[in-house]
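Biologist: Please pick one part of this model and go through it closely, from its own make-up to whatever surrounds it. I would like one connected account, with the cut-offs stated.

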Amino acid sequence: HELGLFAATLRHSRGGDGEFQALQACARCCQEELRCDLRSGAQVEGELWLHVSEVPCLSCVGAMAQFRKLYPRVRLVVSFTL
């Protein structure tokens with residue numbers, strides 16, 4: 001929660017999903033390395049490419065939307081294997 005991303009609980013918490021963990025790691029890097037807080041994420045620019053082995057679950061799609069809202073100038077590219 002301190003990174004601004006909230007995992008949905010479907011049948012169980014999805015906070016351990018790879019997509020969620022990757023987005024949290026990027027958010028943590030923005031906060032620690034770039035000294036951004038939740039209010040200054042709009043200053044961060046760049047690209048984040050994320051490839052996952054399956055179709056992302058609803059919670060992970062929600063985390064992607066949250067990440068985009070927190071970091072609107074970071075281009076998020078997601079692909080997955082069917």
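Modeller: The account below begins with one helix and then moves outward to its surroundings.

This is a predicted model, in which local features need pLDDT of at least 70 and side-chain atom pairs count only at pLDDT 80 or more, while totals for chains, interfaces and linings use all residues. Residues are numbered from 1 along each chain as its sequence is written, and side-chain values use heavy atoms, with hydrogens and water left out.

The part chosen is helix 2, residues 58–70. Helices here are DSSP runs of H or I with at least four residues, strands are runs of E with at least two, and both are numbered from the N terminus. The expected span of a helix is 1.5 Å times one less than its number of residues. For the 13 residues of helix 2 that gives 18 Å, and the end C-alpha atoms are 18 Å apart, so the two values agree.

Burial comes next. A residue is buried under 20% relative accessible area, exposed over 50% and partly exposed in between, using a 1.4 Å probe and protein chains only. In helix 2, Ser-59, Cys-60, Ala-63, Met-64, Phe-67 and Leu-70 are buried. Viewed down the helix axis, these residues fall within an arc of 145°, so they line one face of the helix. The arc is taken over the directions from the helix axis to the C-beta atoms. On the face turned away from the buried side, helix 2 carries the exposed residues Leu-58 and Lys-69.

The buried residues of helix 2 pack against helix 1, strand 1 and strand 2. Contact means heavy atoms within 4.5 Å. Phe-67 gives a detailed view of this packing: apart from neighbours within four places in sequence, Phe-67 is in contact with Leu-5, Leu-23, Cys-26, Ala-27, Leu-48 and Val-74.

Phe-67 also takes part in the 1 aromatic pair counted. Its partner is Tyr-71, with the ring centres 4.8 Å apart and the planes at 40°, so the pair is tilted. Rings of Phe, Tyr and Trp (its six-membered ring) pair if their centres lie within 6.5 Å; planes under 30 degrees apart count as stacked, over 60 as edge-to-face and the rest as tilted. Phe-67 and Tyr-71 are both buried.

These two residues lead to the core. A nonpolar core is a set of buried Ala, Val, Leu, Ile, Met, Phe, Trp, Tyr and Cys residues joined through side-chain atoms within 4.5 Å. The largest such core has 20 residues, and Leu-23, Phe-67 and Tyr-71 touch the most other members. At least two residues of this core come from each of helix 1 (18–33), strand 1 (46–52), helix 2 and strand 2 (74–80). Helix 2 supplies the largest share, 5 residues. In soluble globular proteins, nonpolar side chains tend to be buried together.

Cysteines deserve a separate check. A disulfide is a pair of cysteine sulfur atoms within 2.5 Å, and the count by this rule is 0. Cys-60 of helix 2 is buried, with a relative accessible area of 0%. Its sulfur lies 3.7 Å from the closest cysteine sulfur, in Cys-57, too far for a bond. Cys-26, one of the contacts of Phe-67, is partly exposed at 24% relative accessible area. The sulfur of Cys-26 has its closest cysteine sulfur in Cys-30, at 6.9 Å, which is also too far for a bond.

Helix 1 is one of the elements packed against the buried residues of helix 2. Its 16 residues should span 22 Å, and its end C-alpha atoms are 22 Å apart, in agreement. Buried in helix 1 are Glu-19, Phe-20, Leu-23, Gln-24, Ala-27, Cys-30 and Gln-31. They fall within an arc of 130° seen down the axis, so they line one face of helix 1. These buried residues pack against strand 1, helix 2 and strand 2.

Among them is Glu-19, which counts as buried at 10% relative accessibility. Leaving out residues up to four places away in sequence, Glu-19 touches Leu-50, Val-52, Pro-56, Cys-57, Cys-60 and Met-64. Two of these names, Cys-60 and Met-64, also appear among the buried residues of helix 2.
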